[in-house]
Amino acid sequence: MSLTFKGGLHPEENKITAKSPIEVMPEPATVAIAMSQHIGAPCNPTVKKGDYVFKGQPIGEAQGALTCPVHSSISGTVLKLEDRVGAFGQKVTHVVIENDFKSELYPEIKPCETPLEEAEFEQIVDIIKNAGIAGMGGATFPTHFKISSAKGKVSKLIVNCCECEPYITANHRLMLERPSDIINGVKVVMKALDLKLCDIAVEDNKKDAIKVLNELLEKEEGICVKILKTKYPQGDERQLIYAIDKVEIPAGKLPADVGRVVLNAETSSAIWRAFKYGMPLIDRIMTVTGDCVREPKNLRVPLGTSFSDIIEFCGGFTSEVEKIISGGPMMGIAQWDKDAPVIKGTASILCFGKSKTNRGPENCIHCGKCVGSCPMHLMPLYLASFAKIGDWDSCKAFDVMSCVECGCCTYQCPGNVPIVQYIRTAKGKLKK
């Protein structure tokens, strides 16, 4: 029987790229590398206009513990440093680089010479930090900080391979095409944290990936595949931990507080590439799809590549596009600029026409569907009503800060109430 949690829903999957192998997109003529691609303070640029940079060279210096460096995804010349609106809606400094198409690798990129069984905790954490690895499932939490803060507190690693949002299939393809990278990344983290147990969590709609992973893990001790019910938001770490271990994370706490550390599948793969080859995080796998995209694909794309270049590589649009979303349709962020660059947390680009984006007039009918689907067991209709009239105290009293903004409530609402948008407004006001 597949593991699961209470609440959530099963939206139409639309995994139309599930059988599309990962293609390597050719490097673009220019990239724009954002200095903020992670939770925490932006990086300080370490290059200036006219500088030559190598592929994989650090170009953004980390500021503080909750941050990680940024590297060039191509070799070439820095054209300019400019402030532009980033993927999350804030102004961020971008380093714009003109490609010389030589792909000259930064000379200091070297594999770790220490065998994994002899590697020390600090050495592994430094490799992950210097590679600029942040959570690639969308949250972009600096991975070195997550591992450092888990030392001595956790007993199990969970690798999130659920990919529960509709349309996105990048992790699914990674499991099929490069499963050993995920497993080897697991071993690196287990060595760092001295762990004996790891669960690789996969939803039951990915039977081919489950088979591949089980075959590779047949002789491995302590690492096993856990099969979860296909349901959204199964990939949220709180629901994931509860589904596997029936352990609830208290409000305001993190997975490490209940003895768990959770990593995304591609994050694990990036850790292995950094340890084995010394490669920093300069590209990522992503899904490009939607009812307006001529040739939906799974691509490995250099960071800093513009959405417009990627869409052009996928054959352009078949019809007028109404909305471009960075990420999934449930939790992704609508983009106002088709030239927005890919960052470490960009799992997909979705392009939709009017038929997919039109909503009717807003009118709550008190049906309670939002309550039944809320995985955090909140009262979304009340939170939206309080936020609509600016009653922030009532929002706080009804625990608005525990909302994970998964979008189940908005998806289920027959009255077209944009519940999550109201909740985000309330959380923003209370944070101020």
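This is a dialogue about reading the fold of a predicted model, from the whole chain down to one sheet and one helix.

Visitor: How many helices and strands are there in the chain?

Guide: The chain has 14 helices and 17 strands. Its radius of gyration is 21 Å, close to the 22 Å that the globule rule gives for 432 residues, so the chain is as compact as a globular protein of that length. Along the principal axes, the C-alpha atoms fill a box of roughly 65 × 50 × 45 Å, and 54% of the 432 residues count as buried.

Visitor: Turning to the open sheet of four strands, what is its order?

Guide: The order is S11-S10-S9-S12, with parallel pairing. S11 and S12 are the edge strands, since each of them pairs on one side only. Neighbouring strands of this sheet are turned by 25° against each other on average, with direction ignored.

Visitor: How many bridges does S9 form with S12, and how many with S10?

Guide: S9 (residues 156-160) pairs with S12 (residues 260-264) over five bridges, and with S10 over four bridges, in the parallel sense in both cases. Leu-157 has Val-261 as its bridge partner in S12, while Val-159 has Ile-200 as its partner in S10. Ile-200 in turn stands opposite Val-225 in S11, and six bridges join S10 to S11.

Visitor: Which way do the residues of S9 point, and are they buried or exposed?

Guide: In a regular strand the side chains alternate between the two faces of the sheet. Here Lys-156, Ile-158 and Asn-160 point one way from S9, whereas Leu-157 and Val-159 point the other way, and all are buried. Because five of the five residues of S9 are buried, the strand is largely enclosed by the rest of the structure.

Visitor: Which residues of helix H5 are buried, and which are exposed?

Guide: A residue counts as buried under 20% relative accessible area and as exposed over 50%. In H5 (residues 207-216), the buried residues are Ala-209, Ile-210 and Leu-213. These cover an arc of only 100° around the axis, which means that they lie on the same side of H5. On the other side of H5, Lys-207, Lys-211 and Glu-215 are exposed.

Visitor: What do the buried residues of H5 pack against?

Guide: They pack against two helices, H3 (170-177) and H4 (179-193), and against two strands, S10 (198-203) and S11 (223-228). Both of these strands belong to the sheet described above, in which S11 is an edge strand.

How values were computed: Residues numbered from 1 in each chain as written. Predicted model: local features only at pLDDT ≥ 70, side-chain atom pairs only at ≥ 80, totals over all residues. Heavy atoms only, no water. Buried < 20%, exposed > 50% of the residue type's maximum accessible area, 1.4 Å probe, protein only. Arc of directions from axis to C-beta. Contact = heavy atoms within 4.5 Å. Pairing = 2+ DSSP bridges. Axes fitted to C-alpha atoms, helices over the stretch in contact; angles between N-to-C directions. Rg over C-alpha atoms; globule rule 2.2 N^0.38 Å.
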